[in-house]
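Work through these exercises with the model open beside you. Try each task before you read its solution.

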Amino acid sequence: MNPLLVLAEHAATWHDAPLTPEIEHHARRALVDWFANVLSGASRAPATLMAAALEDETRGGGGAVCYVTGKRVPVRHAALINGTASHTVEFDDIYRYAVYHPGCPTIAAALAMAQSKRVGMASLLRAIAGGYEVGCRIGVAVQPSHYRFWHTTGTIGNFGAAAAVSILLGSDAERIAHAIATAATMASGLQQAFRGEGMSKPLHPGHAAEAGAMAAMAAAHGMTGALDVLHGPAGFAAATSEDTGKWEKSLANIGKPFAITDMTFKNHGCCGHIFAALDAVRDLQRENGFKAAEVTGVAVGGYRATKDVCDRPNARTEQDCRFSTQFTVATMLLHGGVRLSAFEPERLADPAIRALMPKVTVAIDPDCEAAFPNARSAKVTITLADGRVLARHQPTRKGDPDAPLSDDDLSDKFMELSAPAVGEAAAKAVLTQLWQGADLPASVPLLNAPVPRAAE
């Protein structure tokens with residue numbers, strides 16, 4: 001079995017596959033969530049810095065919308081900048097079985113091509129669903145060992161982007177196969193980029209969106225790739241994973257369910273590896289009514305990524321604090337949530353948070369580690385000054401498919417993230433378009449535009 005050919009054949013069916021009410025609804029949910037992230041991230045670094053750095057490349061115009069500048073730009077430029085913006089505030093969707101954020105690269109690339117070709121919403125939703133299926137299935141095949149060194153959204157995102165753009169271009173299975181093959185050799189994204197300082201992490205899905213779009217466009221014009229690149233002895237799986245024999249498992253019963261119907265939507269504005277612990281802390285505090293000042297210790301047991309990626313007792317910067325179990329747990333105890341405001345400068349330096357952080361410890365729990373990646377769990381024990389010891393095993397996260405955010409929850413999240421960026425009236429208009437519209441969204445002016453913007 002050649003997994004690449006199986007995936008390409010499947011992707012080709014999305015040209016004219018029935019857009020069932022279920023698929024349409026879940027694809028719109030993904031689009032709502034993506035737009036919440038991109039509008040919130042469009043006025044923030046690094047997307048603003050990338051847009052400024054590449055401004056000269058957009059003078060010729062194009063058919064896609066860059067949501068940072070408001071300009072019509074070439075497809076690859078829009079995919080890069082929008083994909084980067086959509087990963088900035090760490091509220092983007094997750095396919096938990098692949099440890100992967102599919103929306104950032106897949107939707108960024110698909111929307112750019114859809115706008116350039118001036119197709120309708122139905123075509124975009126089909127392309128998103130097909131792109132999610134390809135990327136997520138490849139991600140499952142190489143996990144969990146892939147995640148030891150690689151950032152899956154960067155390394156897998158180009159596959160989803162290539163498939164989605166190929167579907168919009170009308171490529172047949174052969175051309176889609178070559179698009180996926182070419183995208184494979186451009187996969188990149190190192191975990192060290194977000195285990196330390198710097199702005200590189202959001203660029204991973206931006207690069208994946210651009211690379212996938214380029215691979216699809218080149219393949220549509222006849223460029224070929226190595227069709228054994230996924231499973232060959234020196235191919236993608238062999239180079240990036242110890243799990244090179246999982247193709248049959250990842251491709252079994254493809255579409256049952258479709259990945260787009262099985263997504264996690266974030267309920268906290270930080271790394272998803274901390275979510276189960278945050279849910280447990282929140283619920284224990286609500287049920288027992290204690291104050292943060294009464295806490296003498298919080299022990300978090302999680303899977304390996306919770307320890308390796310998110311055990312950051314001395315986090316200081318916004319980037320570092322988004323990945324710090326200590327900072328986010330302290331924030332939850334003091335403020336009852338971890339939203340965008342948690343990472344404003346005054347919160348980052350808050351003495352009360354700083355005093356609480358050393359009381360939070362992180363360790364690997366064998367049960368949680370064994371359940372990963374199919375389940376993202378945590379065991380939390382909170383010790384109080386009066387001697388009480390409160391414990392909870394959190395088997396999943398609010399927002400996972402088995403504890404989903406409702407449509408109303410997603411709409412509320414959209415308004416929370418986007419209204420400060422574009423204004424309440426504009427945000428409501430975009431939200432209505434995303435849930436109900438037959439046409440594609442256009443540019444949305446930012447209230448605090450970071451770089452000069454052009455009229456439509």
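Contact here means heavy atoms within 4.5 Å. Keep in mind that this is a predicted model.

**Exercise 1. A single residue**

Task: Find which residues aspartate 320 touches, not counting residues up to four places away in sequence. Then decide whether aspartate 320 is buried or exposed.

Solution:
- Step 1. Locate the residue. Aspartate 320 sits in helix 15, which covers residues 318–322.
- Step 2. List its partners. Once residues up to four places away in sequence are set aside, aspartate 320 touches Glu197, Arg312 and Ala315.
- Step 3. Take the cut-off. Buried means under 20% relative accessible area.
- Step 4. Apply it. Aspartate 320 counts as buried because its relative accessibility is 12%.
- Step 5. Add a distance. Cysteine 270 is 50 residues away along the chain, and its C-alpha atom is 10.0 Å from that of aspartate 320.

**Exercise 2. The sheet**

Task: State in which order the four strands of the open sheet lie. Then work out which strands stand at the edges.

Solution:
- Step 1. Read the order. The four strands run 4-3-5-6, with mixed pairing.
- Step 2. Find the edges. Strand 4 (360–364) and strand 6 (389–394) each have a single partner strand, so one side of each has no neighbour in the sheet.
- Step 3. Check the twist. On average, neighbouring strands of this sheet are turned by 15 degrees against each other, direction ignored.
- Step 4. Look at one pair. Strand 3 (residues 295–302) and strand 4 run parallel and are joined by five bridges. Valine 300 stands opposite valine 362 of strand 4.

**Exercise 3. Two helices on the sheet**

Task: Describe how helix 13 and helix 16 lie across the strands. Then classify their crossing from its angle.

Solution:
- Step 1. Place helix 13. Helix 13 (residues 275–288) lies across strand 3, strand 5 (378–384) and strand 6, at about 135 degrees to strand 6.
- Step 2. Place helix 16. Helix 16 (residues 325–335) lies across strand 3 and strand 4, at about 130 degrees to strand 4.
- Step 3. Compare the axes. Those of helix 13 and helix 16 come within 10 Å and cross at roughly 25 degrees.
- Step 4. Classify. Angles under 35 degrees count as roughly parallel. Helix 13 and helix 16 are therefore roughly parallel to each other. Their crossing is right-handed.
- Step 5. Name the contacts. Leu278, Val281, Arg282 and Gln285 of helix 13 meet Thr328, Val329, Met332 and Leu333 of helix 16.

**Exercise 4. Another helix pair and the core**

Task: Classify the crossing of helix 7 and helix 8. Then find how many residues the largest nonpolar core has.

Solution:
- Step 1. Take the angle. The axes of helix 7 (residues 152–169) and helix 8 (residues 173–184) come within 9 Å and cross at roughly 155 degrees.
- Step 2. Classify. This angle makes helix 7 roughly antiparallel to helix 8.
- Step 3. See who meets. The contact includes Phe159 of helix 7 and Ile180, Ala183 and Ala184 of helix 8.
- Step 4. Turn to the core. The largest nonpolar core has 110 residues, and Phe159 is among those with the most contacts inside it. Helix 6 (residues 121–142) supplies the largest share, 13 residues.
- Step 5. Look beyond. Another core lies apart from this one, with 44 residues, including Leu278 and Leu348.

Key
Residues numbered from 1 in each chain as written. Predicted model: local features only at pLDDT ≥ 70, side-chain atom pairs only at ≥ 80, totals over all residues. Heavy atoms only, no water. Buried < 20%, exposed > 50% of the residue type's maximum accessible area, 1.4 Å probe, protein only. Core = buried A, V, L, I, M, F, W, Y, C linked by side-chain atoms within 4.5 Å. Pairing = 2+ DSSP bridges. Axes fitted to C-alpha atoms, helices over the stretch in contact; angles between N-to-C directions. Parallel < 35°, antiparallel > 145°, perpendicular 65-115°, else oblique. Left-handed = near helix turned anticlockwise from the far one by under 90°.
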